[in-house]
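Trainee: I have a model with two chains open on my screen. Can you show me how to read it?

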Amino acid sequence: MQTLVLKPISRRKALSYLGVAGASLTLSSIAFAGPDEVNARISAITNGAAGDDTLITLDLPEIAENGNAVKVAFDIDSPMTADNYVKAVHILADGNPEPDVATFNFSPHMGACYASTRMRLSKTQNVHVIAAFSDGSFGNASALVKVTIGGCGG
Amino acid sequence: MTKVKPRVKVPKTAEAGEIVEIKTLISHPMHSGRAVDGDGNLIPRRIIHSFRASFNGTEVMSVNLKPSVSANPFFTFPFKVTESGTFDFIWVEDDGTEYKKSAKISVG
């Protein structure tokens with residue numbers, strides 16, 4: 001994560017170097033989280049427990065033309081009562097510089113469990129949504145999003 | 001520096017027991033600390049890292065945001081209305097700056 005050795009040059013300059021030295025090397029030297037790191041994060045959240053993959057309905061585009069703003073929405077099957085609700089929902093992406101995108105902390109006051117936001121995706125990658133229920137169980141869902149233009153700056 | 005402006009969409013009235021949808025948006029660049037400006041200088045990290053929504057003083061939901069959240073962070077979420085009251089929304093930036101917005105819902 002700290003190995004950002006991309007020289008602070010403009011995209012235009014970087015492109016001008018392309019023909020000479022192959023700037024693809026420079027560009028690919030940004031460290032990405034990768035599936036292993038994301039799986040480790042998921043295990044840390046769920047304590048290794050296998051999540052139920054039938055409870056979460058994900059709304060993600062199959063192809064995102066602009067990685068700067070990719071809509072992510074989820075709907076989780078939960079009564080959201082005081083003794084049975086979704087405590088937290090983690091959104092993780094395995095191709096971004098860091099795996100965590102956002103963590104939602106929920107309460108029974110919501111009455112239903114859904115939410116949406118917009119995220120950056122630097123390249124084509126898997127997006128994971130992990131829900132932590134109040135009884136200690138977990139739900140998970142993931143989907144592959146194909147990104148046409150990456151959205152991590154640079 | 002662009003002006004940071006929070007905006008919310010909350011229904012003014014609702015039936016008791018009705019589940020309404022809340023929408024929030026704050027105009028903010030969410031500098032991830034990885035992008036460069038036109039002169040090739042790295043733009044330092046500056047993001048909204050937390051968002052909280054409370055109704056009559058009780059927290060309804062909150063979000064911890066990372067640099068992977070898009071510029072102008074946008075959220076929608078449901079809320080079950082049981083009584084009239086005030087929604088308070090608060091966004092916190094990296095340097096501790098807080099941005100606030102309130103909205104009233106009346107039942108009946």
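Mentor: We go from confidence to strands, then to the interface and the core.

Trainee: What kind of model is this, and how are its parts labelled?

Mentor: This is a predicted model: local features need pLDDT of at least 70, side-chain atom pairs count only at pLDDT 80 or more, and totals for chains, interfaces and linings use all residues. Residues are numbered from 1 along each chain as its sequence is written, while chains are lettered from A and ligands numbered from 1 in the order in which they are written.

Trainee: What is the mean pLDDT of chain A?

Mentor: pLDDT is the predictor's confidence in each residue, from 0 to 100. For chain A the mean is 84, and 79% of its residues reach 70 or more. Over residues 18-29 of chain A, pLDDT stays under 50. The model has eight contacts beyond four places in sequence for that stretch. A contact here means two C-beta atoms, placed from the backbone, within 7 Å.

Trainee: How many helices and strands does chain A have?

Mentor: Helices (H or I, at least four residues) and strands (E, at least two) are DSSP runs, numbered from the N terminus. Chain A has three helices and eight strands. Its elements run α-α-α-β-β-β-β-β-β-β-β from the N terminus on. Residues 24 or more positions apart account for 70% of the chain A contacts with a separation of 6 or more.

Trainee: In what order do the strands form the sheet?

Mentor: Two strands pair if DSSP finds at least two bridges between them. Here 10 strands form an open sheet: β2(A)-β8(A)-β7(A)-β4(A)-β5(A)-β5(B)-β4(B)-β7(B)-β8(B)-β2(B), with mixed pairing. β2 (63-66) of chain A and β2 (13-14) of chain B stand at the edges. Each has a single partner strand, so one side of each is left without a neighbour in the sheet.

Trainee: Which strands pair across the two chains?

Mentor: β5(A) and β5 (residues 58-65) of chain B pair antiparallel over five bridges. Follow A:F104. Its bridge partner in β5(B) is B:V63. Within chain A, A:F104 is the bridge partner of A:V89. That second pairing, between β4 (residues 86-93) of chain A and β5(A), is also antiparallel, over five bridges.

Trainee: And what joins β4(B) to β5(B)?

Mentor: Six bridges join them, and they run antiparallel. B:S54 stands opposite B:E59 in β5(B). The two strands form a hairpin with two residues between them. B:N56 in the turn has a positive phi of about 50°.

Trainee: How many residues does each chain bring to the contact?

Mentor: Chain A brings 33 residues and chain B brings 30 residues. β5(A) gives the most to the chain A side, with seven residues. By class, that side has 16 nonpolar, 12 polar and five charged residues. Ala, Val, Leu, Ile, Met, Phe, Trp, Tyr, Cys and Pro count as nonpolar, Asp, Glu, Lys and Arg as charged, and the others, Gly among them, as polar.

Trainee: Which residues touch the most other members of the largest nonpolar core?

Mentor: In soluble globular proteins, nonpolar side chains tend to be buried together. A nonpolar core is a set of buried Ala, Val, Leu, Ile, Met, Phe, Trp, Tyr and Cys residues joined through C-beta atoms within 7 Å. Buried means 20 or more other C-beta atoms within 10 Å of the residue's own. The largest core has 57 residues, and those touching the most other members include A:V86, A:F106 and A:M110. Leaving aside neighbours within four places in sequence, the contacts of A:F106 include A:V86, A:C113 and B:M61.

Notes:
Buried ≥ 20, exposed ≤ 12 C-beta atoms within 10 Å, placed from the backbone.
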